[in-house]
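User: Could you take a close look at the place where the ligand sits and walk me through it? I am a first-year student, so please explain the terms as you go.

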Amino acid sequence: MTAKWTRRHVLDTDDWSREEIEIVLGQTDAMLEILSRPIRRAPPLRGRTVILFFAEASTRTRVSFELAAKALSADVTNITASGSSVEKGESLYDTVRTLQALGGDVVVMRHGSSGAPYFVAERTDAAVINAGDGWHAHPSQGLLDAFTLRGALGDLAGKRIVIVGDVLHSRVARSDINTLVPLGARITLSGPPTLIPTAWRCGDLPPGTSYEPDVDRALDGADGAIVLRLQRERQESGLLPSLREYSRVWGLSEARLVRMRPNAPVMHPGPMNEGVEIDAAVAHGSRSLIEKQVTNGVAVRMALLYLLAAGAPLDDRP
Ligand code: CP
């Protein structure tokens, strides 16, 4: 591989080249090998400190970054909004200065405000990884979804993937588009018009994507589906008639599954509202890659930590 890794932070993948995505996916294969060993540990981040700063709830992302950092022998410390001085009103700026003083080499952060990781990246010497900011981006999820889909489907060139559900509030949808389209996939977005960004619904769509308001038509002949969580905590009232109606019209049921190509995989970033956007039989059925996504998430996050913090001192990076 001739491309070289030059990123100091991972804030979004919207300006990444295909080569940069391939570097991460290639490193992920190497990290899976480490995770297959009897002792799942390697030394490249020995002496480095990774701070997990999660100001919003998380299970998968936080735990997988912690396992990833430990598998690479980093020291890890956790800060959450609840139980930290953020709860006492400490500003994001003062929290950043504190993280800096604590000597973190990498700050992995989740925040409810879009752009918060950019604010931190501009004010610290540490490498910053965005672990989800508001509606904006969730780059490590996009990368692990690409890795998982490629594991199931092989080359993604020309493959048609349906992203269905609450696209409007979904940082996962945006990051999936940013990673899957450069790898050659075509994306069909589907969901209630009230949960699709207005510009996209009116035809001003990201390259490589289309919008199909009828979910059954969207699924016809698709190579795979990514079901999005209905993000009720981010929604204004009045966007949906009822959860029952949403499930009936938009939910991925076994009856809808047969519209896709035989064995077309189903993914969901989690946490799931089972019985709302996805039926339990689909979520836990033979086509589901949902647990595989979680497992792959550790290896993808190891790859990101390795690329940002191993090797040359961070200060020598552009
Ligand atoms: N997919 C995802 O971000 O899950 P968590 O909110 O549990 O981290």
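Analyst: Helices (H or I, at least four residues) and strands (E, at least two) are DSSP runs, numbered from the N terminus. This is a predicted model, in which local features need pLDDT of at least 70 and side-chain atom pairs count only at pLDDT 80 or more, while totals for chains, interfaces and linings use all residues. Residues are numbered from 1 along each chain as its sequence is written, and side-chain values use heavy atoms, with hydrogens and water left out.

Let's start with the surroundings. The residues around the ligand (those with a heavy atom within 4 Å of it) are Ser58, Thr59, Arg60, Thr61, Arg110, His138, Gln141, Pro269 and Gly270. By type, this shell has 1 nonpolar, 6 polar and 2 charged residues. Here Ala, Val, Leu, Ile, Met, Phe, Trp, Tyr, Cys and Pro count as nonpolar, Asp, Glu, Lys and Arg as charged, and the others, Gly among them, as polar.

Next come the polar contacts, meaning pairs of N or O atoms within 3.5 Å; within protein, one must be able to donate a hydrogen and the other to accept it, and residues adjacent in sequence count only if both atoms are side-chain atoms. The side chain of Thr61 places an N or O atom 2.6 Å from a ligand oxygen. Arg60 uses its backbone instead, with an N or O atom 3.0 Å from an oxygen atom of the ligand. At Pro269, a polar backbone atom is 2.8 Å from a nitrogen atom of the ligand. On its own the ligand has 250 Å² of accessible area, and the protein covers 92% of that (areas come from the Shrake-Rupley method with a 1.4 Å probe; for residues, only the protein chains shown count as cover).

Where is this site in the overall fold? The ligand lies between domain 1 (18–134 + 295–316) and domain 2 (140–287), because both give residues to the shell around it. The domain bounds come from an automatic or database domain assignment.

Finally, look at the chain beside Pro269. Gly270, one of the residues around the ligand, is joined to Pro271 by a cis peptide bond, with omega about -10°. Pro271 itself belongs to the loop between strand E9 (266–267) and helix H11 (280–283).
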